[in-house]
Amino acid sequence: IASINFMNLSTATASSRSREIGIRKVTGADRLTLFIQFIGESLFLTLLAMVLSLIMIELLLPLFNLYTGKEIGFNRLLNANNLLQLVLLWLLLGILSGAYPAVYLSSFRPITVLKGTMGLESKSGFARKILVIFQFTISMALIIGTIVIFRQVQYLRKAELGFNPKNIILLPIQRTGVANVFPTFKDEILSNPDVLSVTSVDDIVGAAHNTHEFRHKGMQEDEWRFYPALVVGDDFAKTFEIEIVAGRDYYPKNQQDAMKGILINEAMVKHLGWNSNEEALGEKFRSLSGDER
């Protein structure tokens, strides 16, 4: 966008430099010399803009880190790889911004310019209109993208998750000795009066899950569907404050529940075509191993 602004301003103000260009051509300057001059001016302005931007980054980075909770240091920009990228960016933007104005300005005919009979506006107007349209297109895309990202972030912050993730500590015990003595471990933790509930789950709730194959009533014998699922322990719904809207939670230490019981959410109820949560109660699912749940 900045490059397009520079092109438009350069061509729009070309009339103020037309006599300069005409006199230089009369005194022997060829088109290549003028082209190099205008590219050099563009590179100088771009370099100046980059230096100013680096100074602003140095000044504003502490405030940015404070606002975002990040720890980004200015020295990151000063390593060899980033410096090389900055130099390439400077050359790219400088040449890109200056190329069209350089071609346009260096094409002036000295006689018509010095006589004041050159129609500058008519020659550059169409190209500037194209650049303005392109610029507005980019701007609109960026604005739309910003709005979409903002709404997504707001949704992530305020969406109703269906469980309470606050004040919960996750301890990874998979492939440790704790997993073999979990009931004792759980009782020991619950002996602390500040701990309200303890449960177990095979993945991080809301971040990961496994898939399990099931066939429910009405499906063909060889038809299987894989559904996202969590293998949970006693007090899972209680710990995460998940509301049971129909049926009941698992009974603690009930082997029948552990082997046969399944809790599904309301999205699953709708997906399977049941008209109400209560209609799903007592329905059977069969797994690939032949177990019925």
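Residues are called buried under 20% relative accessible area, exposed over 50%, and partly exposed in between, with a 1.4 Å probe and protein chains only. Helices (H or I, at least four residues) and strands (E, at least two) are DSSP runs, numbered from the N terminus. The model is predicted: local features need pLDDT of at least 70, side-chain atom pairs count only at pLDDT 80 or more, and totals for chains, interfaces and linings use all residues. Residues are numbered from 1 along each chain as its sequence is written, and side-chain values use heavy atoms, with hydrogens and water left out.

Helix H4 was examined for length, bending and burial. H4 covers residues 80–106, a run of 27 residues. The expected span of a helix is 1.5 Å times one less than its number of residues. For H4 this gives 39 Å, and the C-alpha atoms at its ends are 37 Å apart, which agrees. H4 nevertheless carries a kink of about 35 degrees at alanine 99. The bend at a residue is the angle between axes fitted to the seven residues ending there and the seven starting there. Proline 101 follows shortly after the kink. Proline 101 is also one of the buried residues of H4. The others are Leu86, Gly94, Ser97, Gly98, Ala102, Tyr104, Leu105 and Ser106.

Helix H3 (residues 31–68) holds valine 51. Valine 51 is partly exposed, because its relative accessibility is 40%. It belongs to a nonpolar surface patch of about 1200 Å². The patch also contains Phe44, Leu45, Leu47, Leu48, Leu52, Ile55, Met56, Leu59, Leu60, Leu63 and Leu66. Patches are made of residues with over 30% relative accessible area and no salt bridge; like charges are joined within 9 Å, and nonpolar side chains (Val, Leu, Ile, Met, Phe, Trp, Tyr) within 5 Å. Accessible areas come from the Shrake-Rupley method with a 1.4 Å probe, and for residues only the protein chains shown count as cover. An α-helix has 3.6 residues a turn, so residues three or four places apart point the same way.

Isoleucine 39 also lies in H3. In contrast to valine 51, which is partly exposed, isoleucine 39 is buried at 13% relative accessible area. Its C-alpha atom is 9.4 Å from that of tyrosine 100, 61 residues away in sequence. Isoleucine 72 sits in the loop between H3 and H4. At 30% relative accessibility, isoleucine 72 is partly exposed. Its C-alpha atom is separated by 8.5 Å from that of proline 62, ten residues away along the chain. Isoleucine 168 occupies the loop between helix H6 (120–158) and H7. With a relative accessible area of 26%, isoleucine 168 is partly exposed. The C-alpha atoms of isoleucine 168 and tyrosine 104 are 66 Å apart, with 64 residues of separation along the chain.

Aromatic contacts were then listed. Four aromatic pairs are present. Rings of Phe, Tyr and Trp (its six-membered ring) pair if their centres lie within 6.5 Å; planes under 30 degrees apart count as stacked, over 60 as edge-to-face and the rest as tilted. Phenylalanine 236 and phenylalanine 240 form a tilted pair, because their ring centres are 5.0 Å apart and their planes stand at 45 degrees. Phenylalanine 236 is buried at 12% relative accessible area. Phenylalanine 240 is buried at 7%. The rings of tryptophan 274 and phenylalanine 285 are edge-to-face, because their planes stand at 90 degrees, with centres 6.4 Å apart. This pair links distant parts of the chain, eleven residues apart. Tryptophan 274 is in the loop between helix H10 (266–271) and strand S3 (285–286), and phenylalanine 285 is in S3. Both residues are buried. Ring pairs also join Phe163, Phe236 and Phe240 into a cluster.

One salt bridge is found in the whole structure. A salt bridge is a side-chain nitrogen of Lys or Arg within 4 Å of a carboxyl oxygen of Asp or Glu. Here the side chains of aspartate 235 and lysine 186 meet, at 3.0 Å from N to O. The partners lie 49 residues apart, with lysine 186 in helix H7 (residues 182–190) and aspartate 235 in the loop between strand S2 (225–229) and helix H8 (236–239). Lysine 186 is buried at 12% relative accessibility, whereas aspartate 235 is partly exposed at 23%.
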